[in-house]
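Student: I am new to this structure and would like a close look at a single part of it, the surroundings of the ligand. Please also place that part within the rest of the protein.

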Amino acid sequence: MKGFDTNLRLQASSPEFSNGFLPKRQNFIKLNRRNCYPRSSFSPTMLKLFTSSASRVHHLTPVSRVVGSSPVECPLFKALSQITGWNRRSTSLGHRAFFCSEPTNGEAAAEAETKAVESDSEVSDSKSSSAIVPTNPRPEDCLTVLALPVPHRPLFPGFYMPIYVKDPKVLAALQESRRRQAPYAGAFLLKDDPSADSSSSTDAEKNINELKGKELLNRLHEVGTLAQISSIQGDQVILVGHRRLRIKEMVSEEPLTVKVDHLKDNPFDMDDDVVKATSFEVISTLRDVLKTSSLWRDHVQTYTQHIGDFTYPRLADFGAAICGANRHQAQEVLEELDVHKRLRLTLELMKKEMEISKIQETIAKAIEEKISGEQRRYLLNEQLKAIKKELGVETDDKSALSAKFKERIEPNKEKIPAHVLQVIEEELTKLQLLEASSSEFNVTRNYLDWLTILPWGNYSNENFDVARAQTILDEDHYGLSDVKERILEFIAVGRLRGTSQGKIICLSGPPGVGKTSIGRSIARALNRKFFRFSVGGLADVAEIKGHRRTYVGAMPGKMVQCLKSVGTANPLVLIDEIDKLGRGHAGDPASALLELLDPEQNANFLDHYLDVTIDLSKVLFVCTANVIDMIPNPLLDRMEVISIAGYITDEKVHIARDYLEKTARGDCGVKPEQVEVSDAALLSLIENYCREAGVRNLQKQIEKIYRKIALKLVREGAVPEEPSVASDPEEAEIVADVGESIENHTVEENTVSSAEEPKEEAQTEKIAIEKVMIDESNLADYVGKPVFHAEKLYEQTPVGVVMGLAWTSMGGSTLYIETTVVEEGEGKGGLNITGQLGDVMKESAQIAHTVARKIMLEKEPENQFFANSKLHLHVPAGATPKDGPSAGCTMITSLLSLATKKPVRKDLAMTGEVTLTGRILPIGGVKEKTIAARRSQIKTIIFPEANRRDFDELAENVKEGLNVHFVDDYGKIFELAFGYDKQED
Ligand code: ADP
């Protein structure tokens, strides 16, 4: 397809053009690739056919030639006009002139031509081009010509072609001939080099440059073309083909000059049917080629528009020149002087061309289909991505995901257990194989996300510094010395062993005594991350063990979530409200919790979701509970219980002063100098508002007070002083700026307001400096009326009423057990019981009735009270003991008080369970009960003998001022309760 990489040009010559005038219909010149030169420089008429080798679009600009004054009327011409739809009328507008044979204007034309080609040569970037020009030079000038070898294709009359002349002698000769105004030479196609494979054009060119004289002559085809030297630029010479020549003999060797004959086409009959038919066939083939490819459309269009002297031989030359025939075939056409034969040859070439064009079309079509299919897919994919992105459902593409997961595990790859690493690798491979839109892909992705994000082998450095731990614990909590001591012991053991694992601490006590906050302090002291989760009411085992991955929305259990959120494998995990663990219908949460907590098992804890065992042995578990009795036994067995009983008034005052007030002040933005809460007020607050064991309510009340103080301060205008408190220098700077602007602002305002109301301004300032004082008298303004009254219900308990001590989940409390006679009469004896009592308590009441009756029988055998009285015993609801029966002795005393009609000793409280034989059984919550008794201003307490040690262990301030008796038999209680007159202290 060599022919296609040539620029084919068709040249037109017209007097108007040379005058710089360009007729309208020639505007297609604009289509030239780089027509940056002024239109006038086109004047000499170069209208071209331009073929880009890349796009294979031919742009043909034909030559016009006028014979006489009107275009030749020719059937061929009409046929071509029809194909291209060209309007013939416009042709007649153009004047035509001979190109270079007109003696009168030949010189000027040649000169103009030269210019045009010179400028045009700038745009020509192809090595070989041809153009059709009128062929009418003066033969007498050109009988001896320089022989120029052309390497690729023969030059056809009417076309032009650039060649490169390397030989300086030849170049000089050409320039000389131009100067002599005989700018003609012979262009002869080079024969194939018989010695070498000259398929490559550079080789061929190299060879020509080396050939000289006779040698060169032998390599040239005999038939060539008389070529006008249109322009010379450097070594580029533009030749314009005119007529056929045949070499006769060599005249000189360097440069090769030959004598030539001018060849004429054999005479033929214009009306010969065969010739006509052949040429029509050429035209119809052209038409077909045009149908299948648009390649030549421009070619033919411009050709038909501009061709003037359209003849059969010219048609044959045109066809051969523009089609992609090889050099030999083209040379054959050139050498053929018989017009009919020449047309036949051209026709053959064109048919071949048509075949090629058909193949080209199918290839183009197939490629286009393939490309458009791929493009469509690509476009749709891009659109889909854009839509997904817009909707926020863009899923990372697989490789990016894998890279992300790999990057995550890379830093601590050697710390990840081998079995986990293997699963990760397997899942990563699986991820690559799954379709990104499938549900399994998402499952795998989430699974990998969890597997790779866990802190495998990533521990925080544990701190076993006992002194530091002590400081931290003291910083956070007042008192609780026994609890702190236990924790320090624990840390000391950790220090000696090098690890604190293997223990579960359980902090038990009423709400608000600081269990959670102690847990937090332990974490701080040990330098572990803190994580808290509550299992109160938890019934679903999956919360602890995770769901299996097959479930939709499956999640790992709390422990795995904890590890993810803290980012270390040795956090302190606080499991809150372990005594309120629910009962699951599917699986028992308690046993799942046991698996989690048990140091024997949790080194290989298996979460259902994770499906690989994880090591939780480094995790320190701290549980909290209100009452340990409700903790499932297997769990309790593995725990080290530290109970926090609650605080006595004195402790609460300290906590309030040193901890709660400080935080509340800070939270409310109140400064210490702005407020003073008197000791009496604080005491009253604790005694009359917050009697419970913990300090949470106290904390709430103190916060309430400080909020109200804040409001008061703001109302009274104490705000502008605020900014100056900043301690940080940078912050201070900012604050200073703000302060300044505030100041400026206030100054302005002041000037206005001081003029108007100077008095009020002064007053506000005064109040801002004044402290807010809170004492007993105005406490109620801040926290409302007291909830509890300090006075006891009875100054002296009446007959049948005895104060008992109970231990509930809220801490210790006092309760009055009351008995009264419902009915009296012979044989009416019996007992009604009310109150929220469980079975155990009901039994306990029955036992009390029997024991009281027995004692009465011993003490006053004639007393028929129990036999004849129907009694009602009531235990108040709010104080229902949670620790089982401990009110036995209180009930007996109450019954006996009624029977003997004697009230019990003043300020007495008792606790203890009694057997049928009158033995006193030990109870729990000695500290809580003692604290509760103190709160109720009890002076004398009766405890079972077995609890003496518990009491002795209590802090001095708790025991202080109490008269405590320890008894192992009810007889002693009877004496203590009723024998008070005899042994009055
Ligand atoms: P619990 O978990 O036992 O119900 P919290 O730990 O939530 O109680 O404690 C309630 C509030 O009381 C917390 O703000 C805590 O700091 C405070 N608190 C409890 N005991 C003390 C104490 N001994 N010293 C200082 N603050 C305490």
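Which atom of the ligand lies 2.8 Å from a backbone N or O atom of G512?

Tutor: This is a predicted model. The partner of the backbone atom of G512 is an oxygen atom of the ligand, at 2.8 Å. V513 also takes part through its backbone, with an N or O atom 3.2 Å from a nitrogen atom of the ligand. With Q699 the side chain is involved: one of its polar atoms lies 3.0 Å from an oxygen atom of the ligand. The ligand taken alone would expose 560 Å², and the protein buries 86% of that. Three elements each give two or more residues to the shell around the ligand: α18 (515-526), α23 (649-668) and α25 (696-715). Of these, α18 gives the most, with three residues.

In total, 18 residues surround the ligand. The closest are Y478, G512, K515, T516 and R696. By residue type, the shell divides into nine nonpolar, six polar and three charged.

Away from the ligand, helix α15 (residues 439-453) can be checked for length. With 15 residues at 1.5 Å a residue, α15 should span 21 Å, and its end C-alpha atoms are indeed 21 Å apart, so the two values agree. The buried residues of α15 are F441, T444, Y447, L448, W450, L451 and T452. An α-helix has 3.6 residues a turn, so residues three or four places apart point the same way. The elements that the buried residues of α15 pack against are α13 (398-409), α14 (418-433) and α20 (558-566).

A single residue elsewhere gives another view of the interior. S894 belongs to helix α31 (residues 888-900). S894 has a relative accessible area of 0%, under the 20% cut-off, and therefore counts as buried. Apart from neighbours within four places in sequence, the contacts of S894 are G800, V802, I817, E818 and T819.

As for the whole protein, there are 35 helices and 28 strands. Of its 985 residues, 50% count as buried. The accessible surface comes to about 47,300 Å², and carbon and sulfur atoms account for 51% of that. Among contacts between residues at least 6 apart in sequence, 78% join residues at least 24 apart.

Note on methods: Residues numbered from 1 in each chain as written. Predicted model: local features only at pLDDT ≥ 70, side-chain atom pairs only at ≥ 80, totals over all residues. Heavy atoms only, no water. Helix = DSSP H or I, 4+ residues; strand = E, 2+ residues; numbered from the N terminus. Buried < 20%, exposed > 50% of the residue type's maximum accessible area, 1.4 Å probe, protein only. Contact = heavy atoms within 4.5 Å. Areas by Shrake-Rupley, 256 points an atom, 1.4 Å probe, with all protein chains shown as cover. Near = heavy atom within 4 Å. Polar contact = N/O pair within 3.5 Å; in protein donor to acceptor, adjacent residues only side chain to side chain. Nonpolar A, V, L, I, M, F, W, Y, C, P; charged D, E, K, R; others polar. Expected span 1.5 Å × (residues − 1).
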